[in-house]
Amino acid sequence: MAEAAIALRPPLIDGDKTITEVTHDVCAPMEARPTALWWSALFVSSSLLLVGAIAIVYQISVGVGTWGLNRTVGWAFDITNFVFWIGIGHAGTLISAILFLFRQRWRTSVNRAAEAMTIFAVMCAGIFPVIHTGRPWFAYWMFPYPNTRGSLWVNFRSPLVWDFFAISTYLTVSAMFWFIGLLPDLATIRDRATAKWRRKLAGVLSLGWTGSYRAWQRYEVVYLMLAGLGTPLVISVHTIVSWDFATAVLPGWHATIFPPYFVASAIFSGMAMVLTLMIIARKLMHLEDYITIRHIERMSKLVITTSGIVGLAYATEFFTALYSGSSYEQFVFLNRALGPLFWGYWTMVGCNVFVPQLLWFRKVRTCVPAVFVISILVNVGMWFERFIIIVTSLSRDFIPANWFHYAPTRIEVATLVGTFGLFFTLFLLFCRFVPVIAVAEVKGVLKYGKPRMESAHE
Amino acid sequence: MTTKRPNSTRLHQYLSSRFLTLVLVVALAFSLLILVPKFNAYAVPGNQRGYEPAQPIAFSHRLHAGELQVQCLYCHSGAEKSRHAGIPAANVCMNCHRFVSAPLGAIRAEDELAKKEKREPQRVVSPEIQKLYDALALDDKMQPDPSKQLRPIAWTKVHNLPDFVYFDHRPHVNAGVRCQKCHGPVETMERVRQVEDLSMGWCVNCHRGVNRTGLDGNGNFTSAPAPAAEGPTPVTHRVYASIDCSTCHY
Amino acid sequence: MSKRLFIGVFDNEGSTLAAVRASRQHGFKVVDVYAPYAVHGVEEAMGLAPSRLPWFVFAVGLLGASLKVWFEFWTTAVDWPVNVGGKPFNSLPAFVPVTFEVMVLFAAVGAVLSFFVVCRLYPAKRAVLPVSGVTDNRFAVVLEQTDSTFEPAEVEKMFKDLHAVRVEEQITGETA
Amino acid sequence: MSGEKKQYWKTLAEKEGGPEFLRAPAEELSVASPRQFRRRDFMKATGFTLGVAFATGCSRAPVQRALPLLSEPEEFVPGRSLFYSTTCAGCSAGCGVFAKVRDGRPIKLEGNPEHPLSRGGLCATGQASLLGLYDSQRLQHPLKEGKKVSWLEVDRAIQAELARVRNERGTVRVLSGTIPSPTFRAAIQEFLRGFADARHVVYDPLSKSALLDAHAQTHAMRVLPHFHFDKAEVIVSFDADFLGTWISPVEYTAAYRAGRDLGSRHVSYHVQFEPRMSVAGSKADQRFAVAPGEMGLLVTQLTRRVARKAGAWFDESEPESASVTPAFLDELADRLWQARGRTLIVCGTNDSQQQVLTNYLNHLLGNYGTSIDLERPSLQAEGSDHELERLFGELRDGSVQALLIAGANPVFDLPGGEELGDALKKVPLLVSSAERIDETSALAKYVLPEPHYLETWSDTEAISGMVSLRQPTVHPLGETRTLVETIAAWSGKPRSSYDLLRESWKAKIFPRQKKEADFETFWERALEDGFAEVEPGSARPQPFNVRAVIPVLHAQSLAANSFALVLYPTVAMLDGHNAYNPWLHELPDPVTKVTWDNCACVSPATAGRLGLADGDVVRLVTSDSKTLELPTYLQPGQNERVIAVALGYGSRLSARFAKIGPQWIDALLSVGDNGLVGVNAAPLLTLSLGALQYTASEVTVTRTGKQRELASTQTHDTLTVPKRLTPRGSGPRPLIQETSLAAYRKDPHSGVEDHEEKEDLWPTDHPYSGPRWGMVIDLNACTGCSSCVVACQVENNIPVVGRDEIRRNREMHWLRIDRYYSERESGQIEVAYEPLMCQQCENAPCETVCPVLATVHSEDGLNQQVYNRCIGTRYCANNCPYKGRRFNWFNYAHDDQFENLVLNPDVAVRSRGVMEKCTFCVQRIQEAKIEAKCRGERVADGAVGTACQQSCPARAIYFGDLNDPTSQVSKMMADPRRYRLLEELNVRPSVGYLTVVRNRPAEGDERSKEERHG
């Protein structure tokens, strides 16, 4: 019967690995010389990063006026990108925390990369709230610290302050989460590294981890804790981000549906991004055995689910507008679908609701290139979702005399491109210097060396 | 040999870092030497407490306000009718210095000397007061001298506020706030020094205090009858110091 | 005083578990077990007491939350009450989000730091491994000789029976 | 721990490496250390010390000096403003103003409420004229052939040349615009007396010549009558923009508003016939877009109807029918006849025939002596185009020996500027007295710099018998000299303008009054008031001469696809002598809302037919093949056969604005291809039949294919959202709430949307115990003249951002005037103006979202904006339903040190990245509060006036303490007409609006019917 049990559940890792092989498979590519492919990828992404850096420096030295904003549309690309990246950042914690709590052990081969992605995405996101201010050098005023102004504090009623706390907390916690997960693997690297610098570095970072079981026991507990804390955190963060809009008076922003709507779309976009990166990483680092078709399939399923939620949210928005009887609300949504930015709106609906439906078919789910394309389309759609929400509501609000259109300048575009540059640069470096797969965790889910009876019920 | 290479580089780092630490320690000590006195002078950058610039004329507040008991408002008359207390125009100085051209002692001494030498005592003018006469282009008969040209006196401002702060002397003076409360014991200063840090917190906390415990801190909530009152006779009224932003920022 | 340690080295979790159980049955003192990953059931086998970390974390989180609520109330309603958009000085509902975030922050940081402290982990700490490879593919069960009844040969045999890769003996001057 | 401690090792390599690692240092030390240390470590160390250097360096603020006066005048207190009553010279209307002078420099002009004409109002041009004083490109010294010379030199040279001319008995001419100053006029006569053939030629670029000529024919005196719009119950205007640009807009606006006071029994009924949408037209109760060729015919038809009723003579031949329905004309004639003696007909065209007919109408209706005053005529325009024509002739055949051009710029603002320029070159002695180098003074041999009117003594007699004084408010900023002084100097008896003025007043003005026996007291009183009322001039009008009346029987017909061109002045530019003024270029036109350009206005229908869109550059070709290229602007309410182009643009004075506003990679210049702001349309004028013609027929329009996006501050301009996007069942948004006079008389509350005060979720922590500032704006009174916009700009140091920034919808005006069109069933276009600034909401949405408490509420109900705290997230602006906030996208130029002297020292100049907005002129509120506090009183009603309120000619803005039930503003708040914008949001604005009330008797206005029968 044990046999049967095993037969019923396909293994999480292909090619019946021993733990020795696991260590080797993950660490070998790091220790080998980087491939030409990697170099060229790094070159591209870092030059994008440079472009973005130049744009930002120019913008900060000349003024926010170098963006396409105006007295009607005060936010556009900046906050769109902010919300977009934060959204991306959600999948990591979701996979590592929520799936961990749900005992989804297949996560082990993707969570490391996903968490890394989270951190990088949040870094990208974090740039915008700072540079979008007119006087970035005073951005620290958002933090309540005792000062010589009779101690003038901050406005805790402002969603931006909430944002400030949410983002920083999120970054800290997910970084710690990531690092804790990394600890045993760093030790592994330390102990097998041949290059001195790597040994020294790993030695410093691994905090002298020995794999003593007394440590392992507490380790498990802490990991569980962080997972438990991370889950509500990840939900709260995007809820708060959504409040930036939901607490405002603008029609199209002032909606109670926003928190669940934003969280769902965040997970949606995050999952898509994870897929994209996974597919890249498994090609780049030859990890087909660890990131198997089954992983891709599972994540595709998550994508359809969340896509469904997002689609429902779109529909609900229209309904509430209609039901509210407020002509301002109704106008906003008519304007989204038929107004000057209709193309953006339909791109969003197309990419977020229609395209993912393809994933219902197993054939598509198991076809890696197809999934790759879809995952990218979803991210495009998600970017447009934020753009549409922000710009349509601002550009045409209560008083027609205020109405004005918005068009981005090259500076803005360059900045967006730059963040992608930053993101991929960091990710490529991550692939090189950190085990892309959580070695210790994968070892835990191998069938290798387990007494039959246990491996049966896992 | 081949095994030595890596070690030696490590050694360089080890050495240089030790060397570096040495340099840094010295630098640190040196810089603390510079910084410490400054830091206790002003806790935060921009704090000008203790600022005591030299003035074009060595005017002594101790002498005028202290010994001679000249009222602050006699010279700084703007304080009760304008935003700025104002630095007196030279002609205000001349109200006295038309007659007083040097310290009494000096003049007496000259008289003594003159008596001895059986001659007319000649006029004594202290160099500082001479600057005043020069500014007004006066000859020693105290008559305007067309050959000289008028030169306004460029005093150095001691109490400076940022451009975005609109402090107004009127309400303070008219409510009976003593000048010393903000400017310190000027009547004891040879050269005027900034005593308070004039930070926003300092202003706000004083305003709060006034609203809590009154002007002099013991529940006196009625201000002095306004001296600069036109129209209806002034009524003594409850002191209220607003801490609205627009009290100072607009 | 110096100590005498016996280390059984294994190459899979199954036999490691068995070894731990066996040694406890024999009444040997299991000093520690080293493994490349968290093996389930070892803590029971070793008879380790459950960690008290959760309670600590809970307390820290609570502390953070209450501090923040107090701070927000104090700054907006007590220290400098300002009329913001006609809202009351003490707008508690608006304080909830930040409070929550701070609670999570405190709890998480508390958890991690306490973990480091309790396990004495710190940067650049020199890792002392009983045998090489316990972070890769080796499992080590470390026994200590407690009294004279402790018979090295017996230990050796026991480990061998459980297909230990090898058995080492070490003398250490450290007071564990 | 014990010494011999057992060592563990992981790899063999380390085992080997270990001891060696320990051994290594001794060997390497000597060789390694110096080279190693020298490189970047050294940099590290220096970097650190540098850091320290900064830390120590940046701790002191720069030293500030204070230079007190050497001897202080009595009334002078540093930091206190003094107000001098004087007279505006922005145009010839002569409105009374107070100049606010702070520490020796004028920083603001305020209307003088005592002044009988302007009654406290001041127009946009007047407000902006202040900047002229600080214009760094103003002439500072005399020029001879373009080179700087001393006055002495110039005087000698000119005197010599004049002597020569005198001896040669040559012809001398003085060319000037209307000179309302009696002293100045006298001086010029004095100057001309010496010469054999000398004449003073007066012309107005915006000519009223025909109107004066008409009165010469009908009343035998060539004067401009003084119109009293407040005495008229029915006002009919034939293309006279009397609320915008015609003769004396401020005075007329004040009177017009008085005549439309809803409290009084009679509310004037205003009918406007005009080819384009003018300010006056936009306020009319009935408005007809009439082709200029038809105007005469219309006047005739109305006259004939009225004449019938009056049983008076009129040519019996039947005129052809005009586009306006006879029914309406009958009805109008009816009403005119009913209200005879209490009506007023004005005609703005420069066609003497039409003007004569208008006079006849007024005569038949008995308006002379009631609403039209010829006893005390207006002297605000006295130009004669006949004279001008003669002068042109003389100039062409080069018979003029000496020409003195006094403050006029004929080369720019008259037709045929080029030829005129060539002709001028032929004049041996060409002297120009001007403030700046303009098209004309550039040609002059001698240029005499005129001072700005705030620098000198002078006077103005706008209405015969209404003399106002002008006194200097600042020490002259350059070596300038008034022409009066100059002439005195030439005559050999140089005197100051002060002495000259007093002389002429003693001689001419003082005798014309009885009140004061002693000149000094008379002078003192006049100086204090800023004006004096004396006996008018002696001229008496003759009885009406009917023989002058010739009816117009036919409309000029236009060829198939040609158009009539209408050249009109704008509120900002007028005749273009203000083209140096950035404030006026940046001011959105009241109707078109276009800035930094003039454009070819066409009606939407025509545009549709020609396939033109906003910004398409078109070429206009007149019958005499003069051409003009400018961008199109679609103007609702304009006659379909009319192309309207604004005058006054394309002046060389505007060349300076190329790089105004922030310069960055994507920035565009503020000027056109010609390097100037807009294009000059004056060449398309024609001087024929003894009058300047402001209309031309047979103009063809061709598109050039070029594009020039217009910098308009309002892109969407209707009350309703686009049809396609309107949710079913939702009407126009209730931003403008209006009613008809009839409905208002029945129920004053009519037309106002009701909103019950919502229950608050919060407990209220904020009792407004002290004053609570509020504002009410009467939309019925507001004419959209935009003087408030400039007033606000001057008072609050609002930067000029230039054409490109406005094109990007980033204008900085804190106060904007929304202009709304709506279409009536009849197809007539209705206009409503809505001044919109920060509404100072009690539940301000902007405040809640600011993270750093940079915008919060004050205890007297103000929505404060703390510039120095703002970090510029723009969240507040996004969350403002009125979009009343402005953001400093760049560091806007304040680098013209000279121009900076105009900055208001009571208002901070905002830096880049900071949000700003209207705060009800909080600096004025603070001043008033402090003053009151020092006296131990509470702020009295009227003690605080905002800049916009103060300057409004229509008195449409009320401001004050809402907590004081007796204050005017709280009375207005209680007015049944009062509504608030977007009340459903429950943000509780402190600004209220009063409904627009349209007087439409034709549409069943019972009361007016009664009037008709009774």
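A residue counts as buried when its relative accessible area is under 20%, as exposed when that area is over 50%, and as partly exposed in between. Keep those cut-offs in mind as we walk through this model, which is a predicted one.

Let's start in chain B, with M142(B). This residue sits in the loop between α6 (127-135) and β1 (155-156) of chain B. Its relative accessibility is 17%, so M142(B) counts as buried. There's something else to notice here: the phi of M142(B) is near 60°, a positive value in a residue other than glycine. Why point that out? Because most residues other than glycine have a negative phi.

Now step back and take in chain B as a whole. Its secondary structure comes to nine helices and one strand. Follow the sequence along and you'll meet them in the pattern α-α-α-α-α-α-β-α-α-α. Chain B has 250 residues, and 34% of them count as buried.

Hop over to chain D for another case of positive phi. C921(D) isn't a glycine, yet its phi is positive, at about 50°. You'll find C921(D) in a loop too, between β36 (915-917) and α25 (922-935) of chain D. Is C921(D) buried or exposed? With a relative accessible area of 6%, C921(D) is buried, because the cut-off for that is under 20%.

Next up is chain A, where a pair of helices is worth a look. Two packed helices are described by the angle between their axes and the distance between the axes. Here the pair is helix α4 (residues 77-101) and helix α5 (residues 108-131) of chain A, which pack at an angle of about 160° with their axes 7 Å apart. That angle makes α4(A) roughly antiparallel to α5(A), since anything over 145 degrees counts that way. As for handedness, the crossing of α4(A) and α5(A) is left-handed.

Stay with chain A and turn to its surface. A nonpolar patch of about 550 Å² is made there by W197(A), L201(A), V204(A), L205(A), L429(A) and F433(A). Which helix gives the most to the nonpolar patch? That would be α7(A), with four residues. Both α7 (196-205) and α15 (410-433) of chain A supply at least two residues each.

To finish, pick out one member of the patch, L205(A), which lies in helix α7 of chain A. At 39% relative accessibility, L205(A) counts as partly exposed, because 39% falls between the cut-offs for buried and exposed.

Methods
Residues are numbered from 1 along each chain as its sequence is written. Chains are lettered from A and ligands numbered from 1 in the order in which they are written. This is a predicted model: local features need pLDDT of at least 70, side-chain atom pairs count only at pLDDT 80 or more; totals for chains, interfaces and linings use all residues. Side-chain values use heavy atoms; hydrogens and water are left out. Patches are made of residues with over 30% relative accessible area and no salt bridge: like charges are joined within 9 Å, nonpolar side chains (Val, Leu, Ile, Met, Phe, Trp, Tyr) within 5 Å. Accessible areas come from the Shrake-Rupley method with a 1.4 Å probe; for residues, only the protein chains shown count as cover. A salt bridge is a side-chain nitrogen of Lys or Arg within 4 Å of a carboxyl oxygen of Asp or Glu. Buried means under 20% relative accessible area, exposed over 50%, partly exposed in between (1.4 Å probe, protein chains only). Axes are lines fitted to C-alpha atoms, for helices over the stretch in contact, and angles run from 0 to 180 degrees between N-to-C directions. Angles under 35 degrees count as roughly parallel, over 145 as roughly antiparallel, 65 to 115 as roughly perpendicular and the rest as oblique. A crossing is left-handed if the near helix is turned anticlockwise from the far one by less than a right angle, and right-handed if clockwise.
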